[in-house]
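This report describes the strand pairing, the nonpolar core and selected residues of one protein chain. The sequence and the coordinates are shown first.

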Amino acid sequence: MQRIIRSALVAMLLLVAGLPAAHAAEVRAWLDRDTVQLGETVALNIEASGTGATAPDFNALKADFDVIDPSSSSSVNIVNGQATSKQLWGVSLQPRRVGRLTVPALAV
């Protein structure tokens, strides 16, 4: 079996560009697994809590991956008059080649 993706989430830095710190969203990203075989897919999830986040541009992924079925959802939760919001973006990634691939940084 050839393993083609072994990507540490540390290498997958998401940049929050141009937002003041008081309004910046807290962003986290994760893969549903860290290895995949050629022809299989891995799910990339990106979640932003707070305000100021915009949808990520998945074009940077297209150099090494086929980007399949992008989706998004958002939610607002109000507890004791305090509103919190979350946005979630997901995409399936299918590697285009064998080897060690890294998910590049994406701006959110």
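Leucine 44 stands opposite valine 91 in S5. The model that places these two residues face to face is a predicted one. Leu44 is also among the residues with the most contacts inside the largest nonpolar core, and that core is taken up again below.

**Fold and sheet**

The chain has zero helices and six strands. Read from the N terminus, its elements follow the order β-β-β-β-β-β. Of the 108 residues in the chain, 29% are buried. Among contacts with a separation of 6 or more, 69% join residues that are 24 or more positions apart.

Four strands make up an open sheet, arranged in the order S2-S3-S5-S4 with antiparallel pairing. At its edges lie strand S2, residues 26-31, and strand S4, residues 65-79, each of which pairs on one side only. From one strand to the next, the twist averages 15 degrees. In general, the strands of a sheet pair through backbone hydrogen bonds, in either a parallel or an antiparallel manner.

Within this sheet, S3 and S5 run antiparallel and are joined by eight bridges. S4 and S5, the latter spanning residues 82-95, likewise pair in the antiparallel sense, over 13 bridges. The table lists residues that face a partner in S5.

| Residue | Partner in S5 |
|---|---|
| Leucine 44 | Valine 91 |
| Serine 73 | Leucine 88 |
| Isoleucine 78 | Alanine 83 |
| Valine 79 | Glutamine 82 |

**The hairpin of S4 and S5 and two positive phi values**

Two residues lie between the strands in the hairpin of S4 and S5, and asparagine 80 takes a positive phi near 55 degrees there. Asparagine 80 belongs to the loop between S4 and S5. Is this residue buried or exposed? Asparagine 80 counts as exposed because its relative accessibility is 81%.

Aspartate 69 also has a positive phi near 55 degrees, although the residue is not glycine. Most residues other than glycine have a negative phi. Aspartate 69 lies in strand S4. With a relative accessible area of 60%, aspartate 69 is exposed, since the cut-off for an exposed residue is over 50%.

**The nonpolar core**

How many residues does the largest nonpolar core have? The core has 17 residues, and those with the most contacts inside it are Leu44, Ile46, Phe58, Leu61, Leu93 and Val103. Two or more residues of this core come from each of the elements S2, S3 (42-49) and S5. S3 gives the most, contributing four residues.

As for aromatic rings, the count of aromatic pairs comes to zero. A charge does sit over a ring, however: the charged end of arginine 28 is placed over the ring of tryptophan 30, 4.1 Å from the ring centre.

**Buried residues in S3 and in a loop**

Glutamate 47 is found in strand S3. Glutamate 47 counts as buried because its relative accessible area is 14%, and the cut-off for a buried residue is under 20%. When residues up to four places away in sequence are left out, glutamate 47 touches Glu26, Val27, Arg28, Trp30, Lys86, Gln87 and Leu88. Two of these contacts, Arg28 and Trp30, are the residues of the charge-over-ring arrangement described above. Another, Leu88, stands opposite serine 73.

Where is valine 36 found? Valine 36 is in the loop between S2 and S3. This loop residue is buried, because its relative accessibility is 3%. Valine 36 and valine 98 are separated by 62 residues in sequence, while their C-alpha atoms are 10.0 Å apart in space.

Technical notes
Residues numbered from 1 in each chain as written. Predicted model: local features only at pLDDT ≥ 70, side-chain atom pairs only at ≥ 80, totals over all residues. Heavy atoms only, no water. Pairing = 2+ DSSP bridges. Axes fitted to C-alpha atoms, helices over the stretch in contact; angles between N-to-C directions. Core = buried A, V, L, I, M, F, W, Y, C linked by side-chain atoms within 4.5 Å. Buried < 20%, exposed > 50% of the residue type's maximum accessible area, 1.4 Å probe, protein only. Phe/Tyr/Trp six-rings, centres within 6.5 Å; stacked < 30°, edge-to-face > 60°. Lys NZ or Arg CZ within 6 Å of the ring centre and 35° of its normal. Contact = heavy atoms within 4.5 Å.
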